[in-house]
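Biologist: Before I lean on any label, I want to know what stands behind it. Let's put the model up and go through the labels one at a time.

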Amino acid sequence: MRLRSFFALVLAVAAPNVALADPVADFYRGKQLKVIIRAAPGGNYDLYLRLLARHIVRYVPGNPTAVPMNMPGGGGLTSLNYFDKVAPHDGTALTMVTQTQPMDQALGLDKSGIDMRALNWIGNMSGENSFLVTRRTSPTKTLEEAKQRETTLAATGAGGSEVMLVSILNQFLGTKFKNIIGYRNSPEMNLAMERGETDGRITTNLRALFTTHANGADGFNVLVQVGLQADKDHAGVPVLRALARQPNQQLVFDFISQTMALARPVATNDGVPAERVAALRRAFDATMQDAEFLTEAKRQDLDISPWTGEELQKTVTEIVNTEPAILDQIRKALESGSTSEERKN
């Protein structure tokens, strides 16, 4: 009887520990969370992902250690290929995908071979609009003036979001923008404007751009913004969706605006167990509300207007599954609407 009572006591003590066991926490405990960054240090992608990496690990069960890894090149393809083909598909890798990647897949322009719908989307850090700006001294100060003269814009790679947007603007609005490609990151593109190498650039972070200039916002002209609605701080800047004059233009502008709204989309790989995906999504959501995180983001002039992973997953799927007739219009624009040349070192 005493032996039986002893075993009953042992089971009673052990039972709560079994009930409280967390396989997700057990998996992440002692692990490294690889945070794969598509840009060189100092750019917007780098700033956003390093900020996320510093804080999200506090909310991931098991508290893994975050390891940021910069892999610039190929308009984001270098990092994306590493993420897909080298990084483990077990929930220990995060990356911020180039916002046009789902659109590239829809249009048949994707060079990665990765189905964006199959990735597990964790959340979008910012739905901030894209803005086309020129330096204040540029002769091009409005969209109308951009229709009259060639206006050069600093860009990263030929497959970047800047090139895509310029193609749409040139084809449907008659502007004469020209991409100068080969800049590695935002600081290099900002410097190109300052030196007069280019007239301007496209950015999703006006606040960070303004802080780099001695005259702040007065150092730039903001010609157009692209997003689902006008940014509350720049309500007077024309919104691309409002410039459509024909039904086909409206469909195209709506599509590109939805794409550009994916400003900072974060994903983990396909094949990750559902419970780990759910844990990463909830950790992301908690991070986006964290006071310390938000204070640091404000200090760096980083917009935080998050979407949940579920919202982002739905939007990416909608973009990839866009109606063929709309995609045909965009393909024509990309074929004839953009001119580019390599930067001169």
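Biologist: Strand β4 (residues 120-124) runs antiparallel to β10, with four bridges between the two. What makes two strands count as a pair?

Modeller: DSSP has to find at least two bridges between them. β4 and β10 have four, so they pass as a pair. Two of the matches are N124 opposite P265 and G123 with V266. One caution: this is a predicted model, so local features need pLDDT of at least 70 and side-chain atom pairs count only at pLDDT 80 or more, while totals for chains, interfaces and linings use all residues. Residues are numbered from 1 along each chain as its sequence is written, and side-chain values use heavy atoms, with hydrogens and water left out.

Biologist: How many bridges hold β3 to β10?

Modeller: Two, again in the antiparallel sense, with β3 covering residues 93-96. The cut-off is at least two, so this counts as a pair as well. T95 has A267 as its bridge partner in β10.

Biologist: And what makes something a strand or a helix in the first place?

Modeller: Both are DSSP runs numbered from the N terminus: H or I over at least four residues for a helix, E over at least two for a strand. That gives 14 helices and 12 strands in this protein.

Biologist: Which strands end up in the sheet with β10?

Modeller: The order is β2-β1-β3-β10-β4-β11, six strands in an open sheet with mixed pairing.

Biologist: Why are β2 and β11 called edge strands?

Modeller: Each has a single partner strand, so one side of β2 (65-70) and one side of β11 (307-308) have no neighbour in the sheet.

Biologist: Which way do the side chains of β10 point?

Modeller: P265 and A267 go one way, V266 and T268 the other, and all are buried. In a regular strand the side chains alternate between the two faces of the sheet.

Biologist: You say buried. Why is S257 called that?

Modeller: Buried means under 20% relative accessible area, exposed over 50%, and partly exposed in between, with a 1.4 Å probe and protein chains only. S257 comes out at 0%, so it is buried. S257 belongs to helix α10 (residues 247-260), and a polar atom of its side chain lies 2.6 Å from the backbone oxygen of F253. If you leave out residues up to four places away in sequence, S257 touches V226, G227, L228 and R241, where contact means heavy atoms within 4.5 Å.

Biologist: What makes Q229 exposed, then?

Modeller: Its relative accessibility is 61%, which puts it in the exposed class. Q229 lies in the loop between β9 (220-226) and α10.

Biologist: And why is N63 only partly exposed?

Modeller: N63 sits at 48%, so it falls in the class in between. N63 is in the loop between α3 and β2, and its phi is positive, near 50°, although the residue is not glycine. D301 also has a positive phi, about 60°, without being a glycine. At 22%, D301 counts as partly exposed.

Biologist: How do you know that α3 has the span expected of a helix?

Modeller: The expected span is 1.5 Å times one less than the number of residues. For the 13 residues of α3 (residues 44-56) that gives 18 Å, and the end C-alpha atoms are 18 Å apart, so the two agree. α3 is mostly covered, with 10 of its 13 residues buried, among them Y45, L49 and L52.

Biologist: Last one: what makes an empty space a cavity?

Modeller: On a 1 Å grid over the protein atoms alone, a cavity is a set of points where a 1.4 Å probe fits but cannot get out, and lining residues have an atom within 4 Å of a point. Grid points are joined across faces, edges and corners, and the volume is the space filled by probe spheres set on the points. One cavity reaches 30 Å³ or more, and the largest has a volume of about 50 Å³. Its lining includes R38, S79, L80, T95 and Q101. α4 (77-85) and β3 are the elements giving two or more residues to that lining. The buried residues of α4 pack against β1 (32-37), β2, β3, α5 (101-107) and β10.

Technical notes. Polar contact = N/O pair within 3.5 Å; in protein donor to acceptor, adjacent residues only side chain to side chain. 1 Å grid on protein atoms, 1.4 Å probe; cavity = no way out; pocket = protein on both sides within 12 Å on 5 of 7 lines; lining within 4 Å.
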